[in-house]
Amino acid sequence: MSIVESIARVEEQIAEACRRAMRPRESVHLMAVSKTHPAELIVEAYGCGIRLFGENRVQEFAAKQPALQASGMSSDAASFHLIGPLQSNKSARAAQIFDGIDSVDSVRLAQRLDEACAAAAKRLPILIEIKLSPEATKHGVSPDADELHELLERLPDLKNVMFRGLMAIPPYSDDLEQVRPYFRRLRALRDSLAQKYPALQFDELSMGMSHDFPVAIEEGSTVVRVGTAIFGARPPA
Ligand SMILES: *Cc1c(COP(=O)(O)O)cnc(C)c1O
């Protein structure tokens with residue numbers, strides 16, 4: 001299937017899930033996850049109307065940037081977010097090249113990003129990555145960790161990063177009813193944290209990938225991160 005056809009199919013599934021959940025289509029953003037794929041495919045997806053992209057690694061995206069700039073694609077029109085783990089020693093570079101960091105999981109990283117944004121005269125939206133189960137992913141901050149509360153308490157003072165909400169990757173399962181409770185848990189966590197921290201904006205709930213995004217939308221996702229269903233299988237790591 002071509003990228004244009006794949007995107008049309010994903011769009012159709014998003015629209016159907018929104019109808020089932022009685023949500024307006026505009027309440028869900030489609031992020032095309034372009035990690036491991038060349039800049040030409042990003043340009044192609046941009047040509048099909050995609051405006052939000054997810055990348056996993058600082059260096060990998062930096063290497064694609066010259067080709068993106070040369071393609072004539074307007075850097076103001078497209079946003080690139082980092083969705084992979086970020087080491088604090090790469091936060092300066094990340095703050096320079098990305099339009100958002102969706103994988104913040106420590107006070108230290110938030111502080112480093114805040115300083116890097118100040119130096120780059122830039123304000124960056126960020127999400128906190130939540131680890132929904134011990135086996136789910138290696139990354140993210142656990143819902144009952146002190147670190148999560150320290151981070152949420154600290155964020156209002158960090159004026160160069162704008163906290164927008166939560167992101168999570170549930171454990172993989174072919175049975176989507178096994179995945180649904182994780183999406184519910186993230187939404188419930190968001191609701192309770194939003195009550196506890198009224199000074200913060202918890203608008204975004206980034207959840208759902210190629211195989212499970214319709215269920216994520218039914219459970220309240222505002223950003224689905226879709227790679228394989230748009231660009232095809234990734235080369236093995
Ligand atoms: C790779 C990746 C995705 C996309 O996964 P697909 O299954 O290819 O849609 C989404 N989110 C994160 C954090 C990823 O690393």
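**Figure 1. Strands β3 and β4 run parallel in this predicted model.** Two bridges join β3 to strand β4, which spans residues 100–104. One bridge pairs His81 with Gly100 in β4. Between β3 and β4 the chain passes through helix α4 (residues 91–97). This β-α-β crossover is right-handed.

**Figure 2. Strands β2 and β3 are also parallel.** Strand β2 covers residues 52–55 and strand β3 covers residues 79–82. Four bridges join β2 to β3. Phe53 stands opposite Phe80 in β3. To get from β2 to β3, the chain goes through helix α3 (residues 58–70), and this β-α-β crossover is right-handed.

**Figure 3. The largest pocket has a volume of about 500 Å³.** Its lining is made up of 22 residues. Lys35, Asn56, Ile169, Met209 and Arg234 lie nearest the centre of the largest pocket. By residue type, the lining of the largest pocket divides into eight nonpolar, eight polar and six charged residues.

**Figure 4. The second largest pocket holds about 220 Å³ of space.** The residues that line this pocket are His29, Met31, Leu52, His81, Asp102, Pro125, Ile126, Leu127, Arg164, Glu204 and Val223. Strands β1 (29–33) and β5 (124–130) are the elements that give two or more residues to this lining. The largest share comes from β5, with three residues. The lining of the second largest pocket divides into six nonpolar, two polar and three charged residues. His81, the bridge partner of Gly100 in β4, is among the residues that line this pocket.

**Figure 5. Twelve named residues surround the ligand: Val33, Lys35, Asn56, Ile83, Ile169, Met209, Ser210, Arg225, Val226, Gly227, Thr228 and Arg234.** Lys35, Asn56, Ile169, Met209 and Arg234 are among the residues around the ligand, and these five residues lie nearest the centre of the largest pocket.

**Figure 6. Oxygen atoms of the ligand lie beside polar atoms of Lys35, Gly227 and Thr228.** In the side chain of Lys35, an N or O atom is 2.7 Å from an oxygen atom of the ligand. Gly227 takes part through its backbone, with an N or O atom 2.8 Å from a ligand oxygen atom. For Thr228, a polar side-chain atom lies 2.5 Å from an oxygen atom of the ligand.

Conventions: Residues numbered from 1 in each chain as written. Predicted model: local features only at pLDDT ≥ 70, side-chain atom pairs only at ≥ 80, totals over all residues. Heavy atoms only, no water. Pairing = 2+ DSSP bridges. Right-handed = clockwise from strand over helix to strand, strands pointing away. 1 Å grid on protein atoms, 1.4 Å probe; cavity = no way out; pocket = protein on both sides within 12 Å on 5 of 7 lines; lining within 4 Å. Points joined across faces, edges and corners; volume = space filled by probe spheres on them. Nonpolar A, V, L, I, M, F, W, Y, C, P; charged D, E, K, R; others polar. Near = heavy atom within 4 Å. Polar contact = N/O pair within 3.5 Å; in protein donor to acceptor, adjacent residues only side chain to side chain.
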